[in-house]
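Reader: I am new to this structure and would like a close look at a single part of it, followed by how that part sits within the whole. Could you take me through it slowly, in one connected account?

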Amino acid sequence: MKVLLVQPPIQDFYETDLRLQPIGLCYLKAAARRYHPDVEVQVLDAHQGHGRRTISVPQELEYLKRYYGFRDRTPFSTFHNYYHFGMDFEELVERVLVARPDVIGISALFSPYFREVVKIASLVKKVLPQCDVLLGGSHVSAMKGEILELYNDVDYIIVGEGERAFCEFLSFKKGLCSIESVSGLGYRSQGRVHLNEVQPTYDLDEMEMPDFSDLNLSDYRVGTKPMSFLISSRSCPHKCSFCSVHLTFGNRYRRRTVQSILEEIELRYRQGVRVVDFEDDNLTFYTAAHKFGDIALMKRFEVSSD
Ligand code: B12
């Protein structure tokens, strides 16, 4: 079986091009390597490293022209031109045709860029109708079943963290388990959308480190230095109403051991990385609570004080 995992291009007035490594997909590849070594999993970053081109402003945003009608030279002239950041859809389709995957997994992290994900799903279905389209990521975790109700070109979704769920999905595809037993899987059956319950993913310290082997190291840099993402904890002890992070990572704040984080930093250093970018949702909570001796706060969030 062949799986292609895609980080999609995005379309917007601006982008933050410094922190684009698709680490979530690389976690999935690493988990599959361990539990399904016979499955060929390839990560395709169709966003970073493919430049940008100007495209016309979508109709819904036309009204902005009144406010940003001319290009100025300040750093705030961000909203003048509208761009496609990343690989063109045509090239992406060609890459899919070359890879001929049985499953294409598309990362849908951002609600504002879900249109791009849907477009890829429908292009893939046109050229490879037998290929299963699977979506995961923060937007999918927030919208859940609605996606399968609205978009026929999407066959499956995975809600929540993907490592265990993706491996269980591969087991299902191989006929080794039932569809109902795949954690967090959304699918259609007998004209209805079904959503399986989300089970916790693997323990963070037992999880394989992300497999960046399909990525071009030089695409991710800070200045001239190769950069790599690192995630030392998942979820967040706070419950801010504006943040959707618990919908993906659950309510349990989990931290990795210092030992495993150091091992990952050493591995990245050996691979040539010189900047490590921590992408935790809350990197300083523990330090702050510990520093101010707030044992009650730490207990409340089940953070040990060692
Ligand atoms: C790094 C990051 C960025 C980077 C881009 C990362 C990228 N790869 O493109 C930058 C800094 C550019 C960025 C920008 C924005 N971001 Co941001 N970002 C993050 C952050 C902090 C970490 C992402 C990450 O690497 N997570 C860790 C990995 C392990 O998790 P993951 O990628 O989600 O993958 C796991 C699961 O989701 C799932 N999964 C993911 N993909 C797939 C695919 C398949 C097939 C399957 C089965 C499973 C699966 O399995 C993975 C492993 O468990 C998240 C918060 C968070 N904790 O995720 C916010 C987050 C994704 N960002 C968010 C937002 C809104 C934005 C902006 C749109 C904000 C804005 N309005 O400007 C901007 C876009 C600006 C722009 N035009 O560039 C929101 C998205 C919410 C939503 N529903 O839209 C988040 C969740 C923050 C939040 N708490 O609300 N962001």
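**A hairpin and its surroundings**

Author: Ser189 has Arg192 of strand S10 as its bridge partner, and this pair is a convenient place to begin in what is a predicted model. Ser189 itself belongs to strand S9, which covers residues 185–189, while S10 takes up residues 192–195. The two strands run antiparallel and are joined by four bridges, and together they make a hairpin in which two residues lie between S9 and S10. One residue of the turn, Gln190, has a positive phi of about 50 degrees.

Is Ser189 buried or exposed? Ser189 has 9 other C-beta atoms within 10 Å, and because a residue counts as exposed when that number is 12 or fewer, Ser189 is exposed. As for its position relative to another residue, Ser189 is separated from Glu146 by 43 residues in sequence, and the distance between the two, C-alpha to C-alpha, is 15 Å.

Strand S9 also has a partner besides S10, for strand S8, residues 156–158, pairs with S9 in the antiparallel sense over two bridges. In this pairing Ile158 stands opposite Leu185 of S9.

From the strands we can turn to the domains. The domain assignment of the protein chain gives domain 1, made of 2–62 and 83–195, and domain 2, made of 220–300. The C-alpha centres of domain 1 and domain 2 are 25 Å apart, and the contact between them takes 11 residues from domain 1 and 12 residues from domain 2. On the side of domain 1 that touches domain 2, helix H4 gives the most, with three residues, and the residues of that side divide into four nonpolar, five polar and two charged.

Lastly, there is the ligand. Domain 1 and domain 2 both give residues to the shell around the ligand, so the ligand lies between them. There are 39 residues around the ligand, and those that come nearest are Gly24, Gly105, Ser107, Gly136 and Gly162. The elements that give two or more residues to this shell include strand S6 (103–107), strand S7 (132–136), helix H4 (138–143), helix H6 (163–173) and helix H7 (245–249). Helix H1 (23–35) is also one of these elements, and the largest share of the shell, five residues, comes from H1. By residue type, the shell around the ligand divides into 20 nonpolar, 12 polar and seven charged residues.

Key. Residues numbered from 1 in each chain as written. Predicted model: local features only at pLDDT ≥ 70, side-chain atom pairs only at ≥ 80, totals over all residues. Near = placed C-beta within 6 Å. Nonpolar A, V, L, I, M, F, W, Y, C, P; charged D, E, K, R; others polar. Domains from an automatic or database assignment. Buried ≥ 20, exposed ≤ 12 C-beta atoms within 10 Å, placed from the backbone. Pairing = 2+ DSSP bridges. Contact = placed C-beta atoms within 7 Å.
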